[in-house]
Amino acid sequence: MADVRTQLVSRVRGMLSEALGATRNRLADADADLAAGRERLARVRRAAAAVPERVGAARDRRLAEIDARHTARIADLTRRAAAAAQREAPGAASAPWDRWRPTPAGRGENPGAVRIGTVRVPGGEPVPALVPLLDAGHVHLAGGDRDGIAAVVPALLLRSIGRADPGGVRLSGYDPEHLGGGLAGFAPLGTAGLLTFVGPGGLGRLLDDLVEQIRRINATVLAGEYASLRALAAATGRRPEPWRVAVLLGGDELSRHERGQLDRVVRTGAACGVHLVVRGIDLPDDPTVTRVVVEPGDARISGLPVRLDPPPPATLVTETCREVASRVNAGPPPAPFTDLLPPPEEYWREDSAHGLTAPIGEGPHGRPVLLSLGDYPPHALIGGPSGTGKTNLIFAWIGALAARYSPAELEFYLLDFKEGVSFARFAQGRRDPSWLPHMRLVGINVNTDREFGLALLRFLAEELRRRADAAKKHEVTKLAELRAVDPTGHWPRIVAVVDEFQALLAGRDVVAREAADLLEDLARRGRSQGIHLVLASQDVRGIEALWGRPALVAQFTLRIALPKALRILAERNDAAQSLPRYHAVVNAESGLTEGNEVARIPSASDWETWSELQHRLWRMRPQDASPARLFDGDAIPRLAEAPDFRALGAPEQGVPRNPVALLGEIIDVQSRSAALRLPRAPGRNLAVLGTRVDEACAVLDAAARSLARQHRPGTARFSIACLDPDADPAARALYEDLADDAAWYDEETVPELMAEVGDGLGAPGTPNSAHYLLLYAVDAAAGQLAAKAGRRTGLEQLRRILHDGPERRTHVLAWWRGVARMRTDLGGPAARIENIGAWVALDVQGGELGSSLYPGTGGPDWYPRPWRGLFFDRAVHRTGQVIIPYGPSR
Ligand SMILES: Nc1ncnc2c1ncn2[C@@H]1O[C@H](COP(=O)(O)OP(=O)(O)OP(=O)(O)O)[C@@H](O)[C@H]1O
């Protein structure tokens, strides 16, 4: 039993200890869990304690970020707003007063708004507060701060004036309370008519005037083509009307009429550049009205708070206005030449069959004033005292025509009788290789060579005849018809311009008479054949030269009068007397008052302006175009370049039947040479008469060299006798160049030459070679030649050679230093002058050339002048021919 109990106890004990062990373990586990739980709790608590701190920091960080971004954005926006305002109101429209100066908007550029203060934006840079006025609208000022308002008005006006060209803004003031005191600083503008005041009671008149201006501008300037002056300026680059700003500073209640007119100006003024700056008078609500309210300590533009700028310093206002007035009083600046030209892609598009039309300048309403030449009016007279812009006008007209008509449609001939070379640039020059492709001939420095004018008129008369013949052949009468029936013919219109043409008609000599006759014929018949004359003169004398020929004057129906021109227009038409500088009265009605059109002429004659056009046209020239012939009265032609000299050549065998000696250049339009024919015929000798060594040598030199060119070596003999040491270098140069064909003689040996040649003339038959005796200053050998050499004296031999030589191909080309000396050498008063078939007179008066040297009595009309000679060949000439000796060949 005990055992069982013992066993039981031990089993229970065992079970208990097992249970205890398990319990202990569970307890230990529970303890561990508890500790872990506590630990977690503590952690959770700690963590929970840290959460609000972190969230707050993140929130703060985020807030700070937003703040910074906001500030940067405001700064950026205000910066951009400021930059935009700067663009909208550049230069004078917004510059601070200490750096302020006028900066007029360019042509066609919008003048923009003007600054009167700044917009306050907290945290950003100040933004200019702008008020649109010119081309935009009107400004209404109100509020209790009268000083503040009084500061805005001059700022608005000065900035607007600074954005326009001088004279571009005209002010009218109505200030019944202060009688203009509010605009005192602007008073200097009054001297140039840019500021006018109307007195109390004058508001109605002022408004009526503004309305009338708007009506006129709409009707005649915008003329339905443009919506506003601003649109016109943007499209054309022209601003034909000033801005008109009326400043109305208070006054009584408006009448109904005044109110009506004011409303009209508000509604329609901005498009026509008519603007109001108003205080103390209501303006109707309109999108064009900007309202500025200035209360003490609070200024607003259309509700936006602003800080107003200080007013411009009084001295700045007066100085600026004074400067503007003086610029305006000095006259308007020149209009640009490009106004007269079509766009480059439209160059040379016009057809001249019915006439030539081109603008010459701008009319008062900004419209181009046109000049036309055709059947009516056919010819033009231009007049204006020296310095009023005649030359410039000719450039402008030529340029406007040359850009429109191709050289196949239009050719120019131009002659300038005044001193100066400005027209030379139409021809090819050393400095500038270009030339005006339409220009066929330019004559400069011709004031002493009226013959050149005559040559031009003769050339035109010949062209007129050619055209009239062609018209007759095709049974038509006018150029347009001729061109229609002969479309492949070359029938350009010709415009011949003669500046200071009175020089041509001065004097009562043959030149003047023939010139007037030719002019009359050209003026009468040129009209239908497309030949147009443009005559310019600086003073009344030129016109008076024509006045004696009413039929001639009547053809010049197009008149262009520059400022102060006299008698270009009709008798009672004195429009030219009051013209401003660089303007012209254009009148296609023979100068009658009703035909007047005033044009502002652009500057066309300065080098760059002209060159740009000429180069463009030159690059467009046809391939076969040749440069204009330049006749420069001061230039000395060269034999080697003369076309007639170049054309000379020797026959393949024998001697030329009709050799010619070229003596100099003829004054004509084709640089031809004066040619002396030397056939085997009596009298075919040449005398050069006068004391001028260089010219005499030049004539003999050209004669000898041109003759030598017609002979093969060995078929002509040139005997050169030089009896004046001054002529020695020239004569020797010739001798050397003629080489084996030349022989040299001096005063010792010249008698032998005479004897040899004189005696040789008796030999039978005609020699197979020619012999030319070139005697330089032959009269210097009179002593030696007076002595007998054999049976005869040298002078007798000379006379014999002159008489018998030509028929035996022996010709004398001799220089005598005076007519009397020649007569003495040829036998005194009864000398046989007819053996001198031709002569060139240098410094010999016309009177000395009478009796037996020249037909009629009294000799030719010849007034000696440097480097000119009068050539007369009794076999071919009726009158003498002026020549220009060729320059030295070496
Ligand atoms: N429309 C113009 N705009 C600007 N400048 C001009 C204009 N016309 C002329 N001028 C300038 O005035 C000056 C005189 O002009 P121009 O030589 O054409 O006068 P002119 O009447 O031909 O004088 P003159 O007969 O003495 O030569 C020149 O310097 C010229 O550049």
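**View 1. Surroundings of Thr191 in the loop between S4 and S5 of the predicted model.** Thr191 has 14 other C-beta atoms within 10 Å and is therefore partly exposed, a count that falls between the limits of 12 or fewer for exposed residues and 20 or more for buried ones. This residue belongs to the loop that lies between strands S4 and S5. When residues up to four places away in sequence are left aside, Thr191 touches Ala325 and Asn329. The C-alpha atom of Thr191 is separated by 8.6 Å from that of Arg322, although 131 residues of chain lie between the two positions in numbering.

**View 2. The open sheet of ten strands and its edges.** The strands follow the order S2-S1-S10-S9-S8-S3-S7-S6-S4-S5, and their pairing is mixed. Strand S2 (127-131) and strand S5 (195-198) stand at the edges, and because each has a single partner strand, one side of each is left without a neighbour in the sheet. From one strand to the next, the twist averages 30°. Strands of a sheet pair through backbone hydrogen bonds, in either a parallel or an antiparallel sense. Strand S1 (residues 114-119) and strand S10 (residues 304-308) are joined by three bridges in the antiparallel sense, and within this part of the view Val119 stands opposite Val306 of S10.

**View 3. Strand S8 with its partners S3 and S9.** Strand S8 spans residues 289-295, with Thr290, Val292 and Val294 on its covered face and Val289, Arg291, Val293 and Glu295 on its uncovered face. Strand S3 (residues 138-142) runs parallel to S8 and is joined to it by five bridges; Val139 has Thr290 as its bridge partner in S8, a residue that belongs to the covered face. Strand S9 (residues 298-301), by contrast, runs antiparallel to S8, with four bridges between them, and Arg300 in S9 is the bridge partner of Val293, which belongs to the uncovered face of S8. The hairpin of S8 and S9 has two residues between the strands, and in this hairpin Gly297 takes a positive phi near 75°.

**View 4. Helix H3 across four strands.** Helix H3 (residues 203-222) lies across strand S4 (169-174), S5, strand S6 (243-249) and strand S7 (274-279), and runs at about 160° to S6. In the order of the sheet, these strands appear as S7-S6-S4-S5.

**View 5. Packing of helices H16 and H17.** Helix H16 (residues 693-708) and helix H17 (residues 728-738) pack with their axes 10 Å apart and at an angle of about 5°, and the two are therefore roughly parallel to each other. Cys697, Asp701, Ala704 and Ala708 of H16 meet Ala730, Ala731, Leu734 and Leu738 of H17. The residues of this contact comprise seven nonpolar, no polar and one charged.

**View 6. Crossing of helices H18 and H20.** The axes of helix H18 (residues 750-760) and helix H20 (residues 794-804) come within 9 Å and cross at roughly 45°, which makes H18 oblique to H20. The crossing in which H18 passes H20 is left-handed. On the H18 side, the contact is made by Val750, Pro751, Met754, Ala755, Val757 and Gly758, and on the H20 side by Gly794, Gln797, Leu798, Arg800 and Ile801. These residues divide into seven nonpolar, three polar and one charged.

Definitions and conventions
Residues are numbered from 1 along each chain as its sequence is written. This is a predicted model: local features need pLDDT of at least 70, side-chain atom pairs count only at pLDDT 80 or more; totals for chains, interfaces and linings use all residues. Two strands pair if DSSP finds at least two bridges between them. Axes are lines fitted to C-alpha atoms, for helices over the stretch in contact, and angles run from 0 to 180 degrees between N-to-C directions. Two residues are in contact if their C-beta atoms, placed from the backbone, lie within 7 Å. Angles under 35 degrees count as roughly parallel, over 145 as roughly antiparallel, 65 to 115 as roughly perpendicular and the rest as oblique. Ala, Val, Leu, Ile, Met, Phe, Trp, Tyr, Cys and Pro count as nonpolar, Asp, Glu, Lys and Arg as charged, and the others, Gly among them, as polar. A crossing is left-handed if the near helix is turned anticlockwise from the far one by less than a right angle, and right-handed if clockwise.
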